[in-house]
Amino acid sequence: MQRLHLVFGGELVDPTKSVFRNVDDIQIVGIFPDYDSAYNAWKAEAQRTVDNAHMRYFIAHLHRLREEEQETSSTEELG
């Protein structure tokens, strides 16, 4: 099974929350075939923007969206 990951990010309203200041400005870094390559892309973007505390990048597990019939734990849905 292929496990795709999306790396995206942008400026947050508050650095302690995950609410974007402007969703139209969210940067899509890319879709990656495995977690390791997604992590490397995430890390590069995070390091590039380290001077801006409001910038955050995230890794979304796209393969979980394709597996809708598979049950998840309640803590997995929170994370």
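The chain contains 3 helices and 3 strands. The model is predicted. Along the sequence, the elements follow the order β-β-α-β-α-α. The chain has 79 residues, and 25% of them are buried. Its accessible surface amounts to about 5,900 Å². Carbon and sulfur atoms account for 51% of that surface. Contacts were also examined by sequence separation. Among those between residues at least 6 apart, 60% connect residues at least 24 apart.

Strand E1 pairs with two other strands. It runs antiparallel to E2, with 5 bridges between the two. It also runs antiparallel to E3, which spans residues 55-61, and here 7 bridges form the link. Individual partners can be named on each side. His-5 faces Phe-32 of E2. Gly-10 has Arg-56 of E3 as its bridge partner. E1 is mostly covered, with 6 of its 7 residues buried.

Phe-20 lies in the loop that connects strand E1 (5-11) to strand E2 (27-32). Its relative accessibility is 16%, below the 20% limit, so Phe-20 counts as buried. Which residues does Phe-20 touch, leaving aside those up to four places away in sequence? The contacts include Phe-8, Gly-9, Gly-10 and Glu-11. Leu-12, Val-13 and Ile-26 are also among them. Arg-56 and Phe-58 complete the set. Two of these partners, Arg-56 and Phe-58, fall within the residue range of E3. Gly-10 is 10 residues from Phe-20 along the chain, and their C-alpha atoms are 6.6 Å apart. Gly-10 thus recurs in two settings: it is a contact of Phe-20 and the bridge partner of Arg-56.

Salt bridges were searched for across the whole structure, and 2 were found. Side chains of opposite charge can pair when their charged atoms come close. One salt bridge joins Glu-11 to Arg-21, with 3.5 Å between the closest N and O atoms. This pair links distant parts of the chain: Glu-11 belongs to strand E1, whereas Arg-21 sits in the loop between E1 and E2, 10 residues away. Glu-11 is partly exposed, at 34% relative accessible area. Arg-21 is likewise partly exposed, at 46%. Glu-11 also touches Phe-20.

The other salt bridge is formed by the side chains of Arg-48 and Glu-45, at an N to O distance of 2.7 Å. Both residues lie in helix H1, which covers residues 35-48. They are 3 residues apart, about one turn of the helix. Is each partner buried or exposed? Arg-48 has 55% relative accessibility, which is over 50%, so it counts as exposed. Glu-45 has a relative accessible area of 14% and is buried.

Helix H2 (residues 62-66) contains His-63. At 4% relative accessibility, His-63 is buried. Its side chain makes a polar contact of 3.3 Å with the side chain of Arg-3. With residues up to four places away in sequence excluded, His-63 touches Gln-2, Arg-3, Leu-4 and His-5. Arg-3 therefore appears both as a contact of His-63 and, because its side chain lies at 3.3 Å, as a polar partner of this buried histidine. His-5 connects this site to the strand pairing, since it touches His-63 and stands opposite Phe-32 in E2.

Definitions and conventions:
Residues numbered from 1 in each chain as written. Predicted model: local features only at pLDDT ≥ 70, side-chain atom pairs only at ≥ 80, totals over all residues. Heavy atoms only, no water. Helix = DSSP H or I, 4+ residues; strand = E, 2+ residues; numbered from the N terminus. Buried < 20%, exposed > 50% of the residue type's maximum accessible area, 1.4 Å probe, protein only. Contact = heavy atoms within 4.5 Å. Salt bridge = Lys/Arg side-chain N within 4 Å of Asp/Glu carboxyl O. Areas by Shrake-Rupley, 256 points an atom, 1.4 Å probe, with all protein chains shown as cover. Pairing = 2+ DSSP bridges. Polar contact = N/O pair within 3.5 Å; in protein donor to acceptor, adjacent residues only side chain to side chain.
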